[in-house]
Structure formats: structure tokens, C-alpha cells
Amino acid sequence: MTEALVFGPFRLLVARRELLAHGVPVTLGQRAFDVLLLLVSRHGQLVTKDELMAEVWPGVVVEENNIQVHVSALRKVLSTAGDGGRYLLTVAGRGYRFVAPVERESAAPPGTLTASVLDQPGTAAPATPNNLPQQLTSLIGREEVLGDIKARLNSHRLLTLTGSGGVGKTRLAIEAGGTVLDHYPDGVWLAELAPLSDAQLVTSIIGDVLGVSLSVPTAAIETLASALKDKQLLLIIDNCEHVIAEAARVAEALIRNCPRVSILASSRERLAIQGESVIRVPSLPTPQESVALTAASGREYAAVRLFAERASALGLGFSISDENAAAVGSICRRLDGIPLAIELAVPRLKVLSVQQLARGLDERFRLLTGGSRTALPRQQTLHALIDWSYGLLSDAEKVLLGRLSVFSGSATLASIRTVVATAEISPEQVGDLLFSLVEKSLVHTDLTASETRYRLLESTRCYAYEKLADAQGMRQRHAEHFATRLGQATAEWERTATRPWIALYGADVDNLRGALEWAFGPDGDITVGLDLVAHSHVLWAELGLMLEHRRWVTEALSKIGKKTPAEVAARLLSWQAGDVRELDDPADYKEAMRAAITYRKRADGFHEGRTLLRAGTARLLPGRVEEGERLLRKCHALVQPFGATKTLGRCLSALASARLFAGDLPQARLLHDEAVRIYRELGESLEDYPNS
């Protein structure tokens with residue numbers, strides 16, 4: 001259920017950031033939309049110029065005439081497409097007042113839950129909104145820490161869980177979040193920072209999780225804080241250690257400016273900012289070496305209980321007995337009670353007895369005593385466990401594990417096979433070797449996606465990358481593959497419904513990030529980087545990651561030289577309207593026309609039409625509607641022969657806006673209906689089109 005603000009013949013769809021007039025979408029620039037949304041949401045009240053500048057341009061110094069320009073444009077839109085009613089009143093020297101009656105209502109069929117994360121106050125929901133993942137195993141031995149977390153959250157708005165890798169900070173944070181849902185009416189939201197390699201994207205990740213559009217990189221934190229200032233929610237920021245400074249800066253800004261927002265962070269070190277409360281998550285209790293364990297006494301230790309439960313789940317008939325209790329206690333003690341280490345060790349029971357497992361750890365630990373004296377002992381222990389597990393692999397499995405380390409996040413079997421298969425490991429071997437690593441708990445599977453995806457735990461990935469013999473060659477293959485895969489994804493997007501398309505390709509964004517970081521890095525390949533940017537416009541747009549999209553387009557455009565092929569340059573400029581430049585930015589039109597000319601020379605009619613769509617949309621502004629419509633009709637003539645595509649649907653929708661501005665409501669409706677027919681043919685969900 002998407003909220004709509006209704007006034008006269010207009011419907012303002014908040015979550016979709018869209019204005020409809022007589023049921024037809026009206027093209028608005030982002031700033032103009034923000035101005036209109038603020039005025040309409042406070043209808044009847046005076047909104048001062050200072051308030052407008054603070055809300056629409058947070059943290060940015062702008063001239064007052066910027067407001068006048070956007071208000072003037074809004075007046076023209078409302079008068080051209082409206083019913084002659086009065087909407088905006090200027091209060092001389094002070095600001096503006098929206099004077100038309102406004103009603104709030106649902107813009108989707110009854111019974112449809114809201115797709116917006118941050119719903120407006122007062123909307124009813126059957127349960128507290130959240131994105132916490134479902135936990136498939138029980139939490140063992142953490143009752144005291146969990147109680148401490150809940151108590152601290154009652155008295156502190158910023159709480160950080162610290163501790164060594166693998167100790168269970170993430171699991172505790174998620175578990176704690178699930179127990180306090182009823183305390184946060186605007187939800188409990190998990191932002192995972194582990195995939196990030198660029199600290200500047202911390203705000204982007206958090207904004208994406210919370211559904212906050214961040215379009216100005218220099219004011220991203222201010223925009224996020226402004227959106228959350230009246231929200232009562234818990235934000236869980238997970239895995240902060242590798243971007244600690246930026247995570248601390250964002251957390252501090254939110255705590256200072258959003259009085260009802262609480263933050264639960266997890267990191268190997270504290271954020272070190274004012275107001276922070278810290279809980280150090282300990283390892284699970286283990287028996288001392290001098291204690292003579294029995295089955296009964298062993299169960300008094302949480303680490304032993306964890307080992308026993310996970311071993312029982314293997315289906316091997318394992319249980320703690322008086323005979324094996326001492327060996328189990330030894331394993332848990334040698335692993336320092338680190339939950340991840342225990343869970344990695346338990347699957348070895350498929351091939352070893354518990355006594356053999358204990359002896360293997362003993363021998364391996366004696367060999368691994370020459371590490372850094374300044375490193376945390378538990379970090380050394382976790383490394384030792386992974387090293388020992390690595391030593392049990394076949395040569396082919398070792399090679400595959402190392403090559404898997406070039407993937408960020410998860411990947412499909414097809415992607416893995418394409419990147420890692422060489423003369424050393426044939427494509428036919430990859431599947432069996434991968435499944436073997438899954439069985440040994442070194443590779444984890446995600447079965448919830450439309451296609452099974454595989455990933456390494458972060459600590460395992462870091463370890464495996466150290467073992468990778470040809471890191472440069474594998475990074476090259478990885479980047480080239482995802483440039484090709486995203487080119488395929490972009491082509492499929494035109495005729496594939498958006499939801500299944502995102503289900504298939506959305507999770508590739510972490511690999512895209514990793515490939516871009518490498519390609520534009522000191523040891524990378526600029527040519528591959530340009531291809532990655534050129535083929536990823538649609539993915540960034542569909543995921544709503546505007547800041548990252550703009551960052552990489554800017555980076556790529558700065559690398560274009562005289563030797564850059566014209567086709568590559570054209571693809572780099574072929575983003576959708578409003579994605580990289582503002583709709584009213586003259587550069588958006590100029591770059592679109594530059595790309596269109598290149599495609600025309602190459603006799604590529606479809607892509608010429610696609611870029612003319614962007615150019616025409618950029619001209620759908622008061623005073624230039626006729627020029628915009630002329631470009632859109634050229635677009636229509638070029639893309640229509642290719643049949644039903646999203647570009648054709650968007651072109652028809654933009655033409656409907658043009659006719660609406662011209663006062664031709666009957667033709668606008670006909671064009672809008674034709675656009676809806678195209679979307680239906682493509683299998684798109686039309687729940688956000690209330691009049692279709």
C-alpha cells in the first residue's frame with residue numbers, strides 16, 4: 001500500500017516519487033518534486049524559505065532564487081495540467097503555503113502491504129516493519145549477553161558490540177533486534193557493511209536499506225538525517241571495522257540529529273564517539289583442562305552444548321557421552337569457545353572421530369604459534385582453524401577455494417564456473433568441487449534466491465585470497481565476466497518483468513562493486529572498468545543506488561580519452577533520465593544527444609531511440625515541452641519496430657506527459673493506456689498504477 005496525497009486532479013505517490021495528473025504521470029525534476037512534497041505534506045501551513053532550503057538542499061548553500069525557479073515551474077505544471085484551481089500561495093518575504101485541500105489515501109489495491117520502508121506516521125501495519133533475516137539455528141549460551149543488550153538499549157541510543165571475528169556479534173545483534181521490535185514503531189533495520197570496500201558508500205548502503213533517496217553525494221548524511229528526524233527506529237549497522245571512521249561519522253550524525261533513532265553496531269573495535277555504550281561479546285564458556293568432564297558436567301558449558309547441537313544436526317547419531325566428553329571439551333577449549341570456529345570444526349565429524357578431530361587441532365595449533373605477537377589470540381585461533389581445514393582439502397579444492405576469494409558477496413554456479421575454470425580445473429570439475437566445499441562448511445549457500453548462490457564467509461575469503469596464486473589474473477577474469485554478464489542483464493531487462501530481473505541479477509551488485517574497485521585501482525584495467533560502468537546503468541537504477549551510480553559514471557567519464565572507441569563512450573552516456581544528472585541539468589540533455597548521434601552513425605536505431613528518450617524527457621519542462629515532444633516522437637518511431645520493450649513503455653508514458661502539458665487530456669490518456677498495455681505485456685506489476 002503506497003501512500004498517495006490527493007489534491008484536485010493530482011495524486012502524489014510518495015514512495016514512487018511520482019506525480020499523476022488525471023491518472024497520467026507528470027515529469028518533474030527531483031528538486032521540484034521535493035519542494036512539492038514538502039509543501040503538500042504541510043498543506044495549509046506556512047513553509048518558510050529557510051525551511052525549504054534546509055529540507056530540499058540539506059547542508060548545501062544555495063541562492064534563494066533556486067526556490068523561486070522551482071516554485072515557478074511547479075505553478076506552471078499545476079496550472080497547465082490542473083483544473084484551474086489555486087494551489088500555491090506566496091507569503092511575501094516569508095515563504096509559501098499550499099492552499100488546496102489534501103487527502104491521504106492508498107495508491108494500491110486494498111490488502112497490499114506498503115513497499116516503502118519509512119511509512120508516513122499514522123499508517124497501520126500488522127507488525128513492526130523490519131528486514132531481519134530468519135535464523136535457522138538456535139542461539140546457545142547467550143542469554144546473559146542478550147539481556148544486557150536489551151537493557152542497554154533502554155538507556156543508551158548508541159550501543160556497539162565488539163569482540164573478535166567469529167564470536168557471534170552479528171547473530172547477537174539480529175537476535176536482539178528481533179526481541180525489541182515492539183519498542184520501535186518505525187522498524188528495526190539491518191545494514192550490512194561487510195561487502196563494502198569504499199568507506200564513502202556507508203551512507204548509501206544505510207539509505208538503501210531505509211528506502212531514503214540520496215541523490216547529492218556531498219549532502220548524503222544530511223539528507224539521511226533529515227529523512228529520519230521524526231522516526232522511531234532501531235538501525236543495526238553490522239561489520240563496521242573496515243570502514244570504522246565513516247561508520248562512526250554517520251552514526252554520530254544520526255544520533256545528534258534524530259532524537260528517536262537508536263543504533264546497534266557491531267565491530268571488532270568501538271566507534272569511539274560520544275554517547276556510545278560498548279558491550280564486549282565474550283567467547284562461549286569452555287571447561288578448563290584440569291576438569292574431568294562427564295556427559296552431564298559437559299553440558300554446563302555453552303561451547304560444549306553448541307558443539308553437541310550442531311553435531312546432532314549432521315544426522316550421524318552423535319551425542320555427548322562420558323567417553324567422548326573430554327575430547328569435545330578439548331576441541332571447544334582449543335577453539336577458545338568461538339562459535340564460528342566450533343561450527344566450522346563440527347562437519348569434520350563426517351570423516352573423523354571426535355578424538356581424531358581433537359588430536360588434529362592439537363597438532364595444528366602447535367605448528368601455528370609463530371604469528372604476530374600483537375594479534376588477538378582469538379584471531380590467531382580462527383586463522384589456525386581455517387588453515388587446518390585448508391590442509392584437509394585436495395589440491396583441486398585448494399585451488400578453487402583460492403579462486404573463489406575474488407568474488408564479493410555471492411555468485412551463481414554459472415558465474416563461478418566461468419571465472420575459475422582453467423586448464424588446471426575444468427568446467428566439469430567445478431560443480432563437484434564446489435559442492436564438496438559446501439559440505440565442508442567452507443562455502444555457504446543461499447537457497448532463497450531465484451537461483452542458488454554461493455559465498456565464502458568474510459574471514460574465509462580473506463584467508464583464501466592470501467593463498468591465491470594468480471590474484472591479478474583471477475581479478476581480471478572476474479571483472480571481464482561481470483562486464484559480460486551485466487551486458488546480458490541490460491539486454492534482458494528490456495523484455496523482462498522487473499521483479500524477476502532483480503531476483504536474478506540484483507545480488508550481483510557486490511561483485512560489480514569489487515570489480516569496479518579493482519578495474520579503476522592501481523593494478524586494474526581501465527578498459528574493463530569502462531565496460532563495467534557502461535553495462536551497469538540499469539542495475540544501479542533498479543536498485544536505487546544513485547550515489548554509487550553517479551560516482552562510477554563520473555570516474556569512468558574522467559578516463560575517456562581520444563583513443564576511447566565512440567561506441568564505448570556512447571554506452572557510458574546511456575543512463576536513464578534522472579539517474580546521474582538532474583532532469584533540469586543542461587548536461588543531461590547534451591550528453592544524451594551526444595550518445596544519440598554516435599548511435600545514429602552506427603545505424604543502431606534502438607539505442608539511438610533510447611538516448612532520445614532521455615533527451616526528450618530532459619526537455620519536458622515548462623517552455624520547452626514542444627521540443628521535448630518532438631524528440632520523444634523520434635524515439636517512438638525508432639523503438640516501436642522492436643516490439644514491446646520497457647523503453648517503448650517509458651516513451652509512451654513521457655509522450656502522455658507532453659500531451660498533458662499541452663492541454664490534450666484525451667490523447668494523454670490514450671498514450672498512458674498504451675504504455676500500461678506494454679507493461680502488462682511485459683509482465684510488470686501494475687499495482688502502483690491506480691487508474692490502469
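**Exercise 1. Place Ser408 in the chain and decide whether Ser408 is buried or exposed.**

Step 1. Ser408 sits in the loop that runs between helix H15 (395-404) and strand E14 (410-412). Helices (H or I, at least four residues) and strands (E, at least two) are DSSP runs, numbered from the N terminus. The model is a predicted one, in which local features need pLDDT of at least 70 and side-chain atom pairs count only at pLDDT 80 or more, while totals for chains, interfaces and linings use all residues. Residues are numbered from 1 along each chain as its sequence is written, and side-chain values use heavy atoms, with hydrogens and water left out.

Step 2. The relative accessible area of Ser408 is 12%. Buried means under 20% relative accessible area, exposed over 50%, and partly exposed in between (1.4 Å probe, protein chains only). Ser408 is therefore buried.

Step 3. Contact means heavy atoms within 4.5 Å. Leaving aside neighbours within four places in sequence, Ser408 is in contact with Asp510, Asn511 and Gly514.

**Exercise 2. Describe the surroundings of Cys332.**

Step 1. Cys332 belongs to helix H11 (residues 325-334).

Step 2. With a relative accessibility of 0%, Cys332 counts as buried.

Step 3. Not counting residues up to four places away in sequence, Cys332 touches Thr286, Ala303, Val304, Phe307, Gly337 and Ile342.

Step 4. The C-alpha atoms of Cys332 and Ala302 are separated by 9.6 Å, and the two residues are 30 residues apart along the chain.

**Exercise 3. Find which residues have the most contacts inside the largest nonpolar core.**

Step 1. A nonpolar core is a set of buried Ala, Val, Leu, Ile, Met, Phe, Trp, Tyr and Cys residues joined through side-chain atoms within 4.5 Å.

Step 2. The largest such core has 97 residues, and Phe307, Leu404, Phe407, Ile416 and Leu532 have the most contacts inside it. Apart from this core lies another, of 65 residues, among them Phe10, Met53, Leu612 and Val639.

Step 3. Beyond residues up to four places away in sequence, Phe407 touches Ser415, Ile416, Val419, Val420, Arg461, His478, Phe482 and Asn511.

**Exercise 4. State how many cavities of 30 Å³ or more there are, and what lines the largest cavity.**

Step 1. On a 1 Å grid over the protein atoms alone, a cavity is a set of points where a 1.4 Å probe fits but cannot get out; lining residues have an atom within 4 Å of a point. Grid points are joined across faces, edges and corners, and a volume is the space filled by probe spheres set on the points.

Step 2. The count is three cavities of 30 Å³ or more. The largest cavity has a volume of about 60 Å³.

Step 3. Its lining consists of Leu404, Phe407, Gly409, Ile416, Leu434, Val443, Tyr454, Arg455, Leu456 and Arg461.

Step 4. Ala, Val, Leu, Ile, Met, Phe, Trp, Tyr, Cys and Pro count as nonpolar, Asp, Glu, Lys and Arg as charged, and the others, Gly among them, as polar. The lining of the largest cavity thus divides into seven nonpolar, one polar and two charged residues.

**Exercise 5. Locate Ala272 and Ala603 and give the phi of each.**

Step 1. Ala272 is in the loop between strand E12 (261-266) and strand E13 (276-280). Although not a glycine, Ala272 has a positive phi of about 60°. At 47% relative accessibility, Ala272 is partly exposed.

Step 2. Ala603 is in the loop between helix H26 (586-601) and helix H27 (605-618). The phi of Ala603 is positive and near 60°. Ala603 is exposed, at a relative accessible area of 70%.

Note on methods: On a 1 Å grid over the protein atoms alone, a cavity is a set of points where a 1.4 Å probe fits but cannot get out, and a pocket is an open set with protein on both sides within 12 Å along at least five of seven lines; lining residues have an atom within 4 Å of a point.
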